[in-house]
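Biologist: I would like to learn how to read a two-chain model feature by feature. Where should we start?

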Amino acid sequence: MNKKLTFEQATERLEAIVNEMENGKVTLDKSLELFEEGVSLVKQCNAMLDKAEQKVSMLVKTDDGYETTDFNGENNG
Amino acid sequence: MKSLQTPKPIFSVSEINEFIKLTLENSPTLSNVTVSGEISNFTNHKSGHLYFTLKDDGAIIKCVMFKSYASSLGFIPQSGMKVCAHGRISVFPRDGQYQFYINSMMPDGIGSLNVAYEMLKNKLDGMGLFDEDKKKPLPKIPMTIGIITSPTGAAIRDMINISKRRFPLAELILFPSLVQGEGAPSQLISGIKYFNENPVDVIIIGRGGGSIEDLWAFNDEQLAYAVFASKIPIVSAVGHETDFTICDYVADRRAPTPSAAAELVTPETDKLKQQYNNIITHLKSSLDFQIKNRREKICAFENSRQLSSPKNQLEDKRMLLIHLSELMQSKMKFICSQKETLFSSNASKLSALNPLNILSRGYGAVYDELGGVLTSVNAISENQTINVKLHDGDIKATVNSITRGKYE
């Protein structure tokens, strides 16, 4: 099974799985497979949510555009 | 009080009011004065003259603007509007009240801003910039959120705190911008352009609360066009709940405050997890349903198979056999009874033909001495011995005479 999905990809895939299983045209074997994949995706999503640390960056203007730098809002209060 | 004996003139009320009036009118300051204040108790008299008071925090002054001046006003004054009015102070002797006789008036500060705001709002509305069907939906799960605001206000801190609490998986990218003053609109516009060139899932543009002048950058016409043109959904969060800016109207969603904007764009992690659990439950029930469905099908198949099982086939054959044998038996009975009937009919026919039976009815059979049957008198001669057979015995007799042809 796909191990390194982004959260976005995981949720999109999850949605696709739900749709596929709902239309009811898949074989039982396939359904079982989808179900297993769905459970694993949910686990991955939950894990990502649990581990998430918010990244905040600020754009800084340079000669040729913008650069991102870490931003800590609390320092600027 | 009576120390001075110098006689003072005694004024009538009219005289003193007239005196005051002249005094005021002769004052170089009061005869040509500009006053700023807020209009209240505004009445547009049917005569065309305008009557109202100007006030500030501590005082009021009665004002009148005659029709001849009022008709050349460039705006419609109303209560609550701040204005700069020019005219003279004088007295209306009948009422003994001094008044401000205004001959020209301009919207002032917020007043003039309000006028400009209303005009721009109507214009953009007419152009369709506020149309509901042009509003883009917000993403369900934004992974990147572009924020255009000041890197120093409370607004950015509130937004970071809220999104950290609700959905820390989203990355916040701050495009620092002035949020008030002359340079603000162009920086805000640059922010929108930047996030359209370097796409994020959703943009929040805004600032914390402030005076109406502070928020004015968000009523910029060019900013309105930039917000409208953005391919990425924009949430506008300017000031407090009671502040409405042009930017709010054009944006895809208005949030009453920056904090509310952060709440609006981010899903809540706990709710998200709950949703995932629901999905699993849903998938599971869908799977169960499928399995149940399959099981029923198998059951139905099994039932249909039983009908054609060898055992059942044997039963069938046995039944057929029983049926056939019964059929056969009844056929046999029928045939037997038929034969019986035929036999008895033949037997009775046979008995009818039995010569002995004929003899019993009174006939006799005549034989010669050798046992041959005599059927004609011609075969018999007189005195010949014959035997006559009756049904119960034989007679030996001798022929006495013969009569021929008696019965022919």
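Modeller: Start with the word contact: two residues are in contact when heavy atoms lie within 4.5 Å. Keep in mind that this is a predicted model. Under that cut-off, B:Ser40 is in contact with B:Phe52, B:Thr53, B:Lys55 and B:Ser79, leaving aside neighbours within four places in sequence.

Biologist: Is B:Ser40 buried or exposed?

Modeller: Buried means under 20% relative accessible area. B:Ser40 has 12% relative accessibility, so B:Ser40 counts as buried. This serine is found in strand β1 of chain B.

Biologist: Which strands pair with β1(B), and in what sense?

Modeller: In a regular strand the side chains alternate between the two faces of the sheet. As for pairing, β1(B), residues 33-44, runs antiparallel to strand β4 of chain B, residues 82-92, with six bridges joining them. One bridge partner in β4(B) is B:Val83, which belongs to B:Gly37. β1(B) also pairs in the antiparallel sense with strand β2 of chain B, residues 50-55, over five bridges. There, B:Glu38 stands opposite B:Lys55. The hairpin of β1(B) and β2(B) has five residues between the strands, and B:Gly48 takes a positive phi near 100° in this hairpin.

Biologist: How is the sheet that includes strands of chain A ordered?

Modeller: Read the strands across the sheet. Seven of them form an open sheet with mixed pairing, in the order β2(A)-β1(A)-β7(B)-β6(B)-β8(B)-β9(B)-β10(B). The edge strands, each pairing on one side only, are β2 (65-70) of chain A and β10 (253-254) of chain B. Within the sheet, β6(B), residues 144-149, and β8(B), residues 202-207, pair in the parallel sense over four bridges. B:Ile147 stands opposite B:Ile204 in β8(B).

Biologist: Which elements do helices α4 and α5 of chain B touch or lie across?

Modeller: Helix α4 of chain B, residues 154-166, packs on the sheet and touches β1 (56-62) of chain A together with β6, β7 (171-176) and β8 of chain B. The direction of α4 makes about 165° with that of β6(B). Helix α5 of chain B, residues 184-197, lies across β1 and β2 of chain A as well as β6, β7, β8 and β9 (234-238) of chain B. This helix runs at about 140° to β7(B).

Biologist: What does chain A look like by itself?

Modeller: Chain A has two helices and two strands, and its elements run α-α-β-β from the N terminus on. Of its 77 residues, 36% count as buried. Chain A exposes about 5000 Å², of which carbon and sulfur atoms supply 45%.

Biologist: Which residues touch the most other members of the largest nonpolar core?

Modeller: In soluble globular proteins, nonpolar side chains tend to be buried together. Here the largest nonpolar core has 44 residues, and those touching the most other members are A:Phe7, B:Ile145, B:Ile147, B:Phe167, B:Leu169, B:Ile204 and B:Tyr276. Helix α2 of chain A, residues 28-51, gives the most to this core, with seven residues. A second, separate core of 35 residues includes B:Leu129, B:Ile173, B:Ala217 and B:Val227. Beyond four places in sequence, the residues that B:Phe167 touches include A:Phe7, A:Leu49, B:Met143 and B:Leu272.

Biologist: How many disulfides does the structure hold?

Modeller: A disulfide is a covalent bond between the sulfur atoms of two cysteines. The structure holds zero disulfides over all chains. As for individual cysteines, B:Cys299 counts as partly exposed at 42% relative accessibility, and B:Cys336 counts as partly exposed at 40%.

Terms used: Residues are numbered from 1 along each chain as its sequence is written. Chains are lettered from A and ligands numbered from 1 in the order in which they are written. This is a predicted model: local features need pLDDT of at least 70, side-chain atom pairs count only at pLDDT 80 or more; totals for chains, interfaces and linings use all residues. Side-chain values use heavy atoms; hydrogens and water are left out. A nonpolar core is a set of buried Ala, Val, Leu, Ile, Met, Phe, Trp, Tyr and Cys residues joined through side-chain atoms within 4.5 Å. Buried means under 20% relative accessible area, exposed over 50%, partly exposed in between (1.4 Å probe, protein chains only). Accessible areas come from the Shrake-Rupley method with a 1.4 Å probe; for residues, only the protein chains shown count as cover. Two strands pair if DSSP finds at least two bridges between them. Axes are lines fitted to C-alpha atoms, for helices over the stretch in contact, and angles run from 0 to 180 degrees between N-to-C directions. A disulfide is a pair of cysteine sulfur atoms within 2.5 Å.
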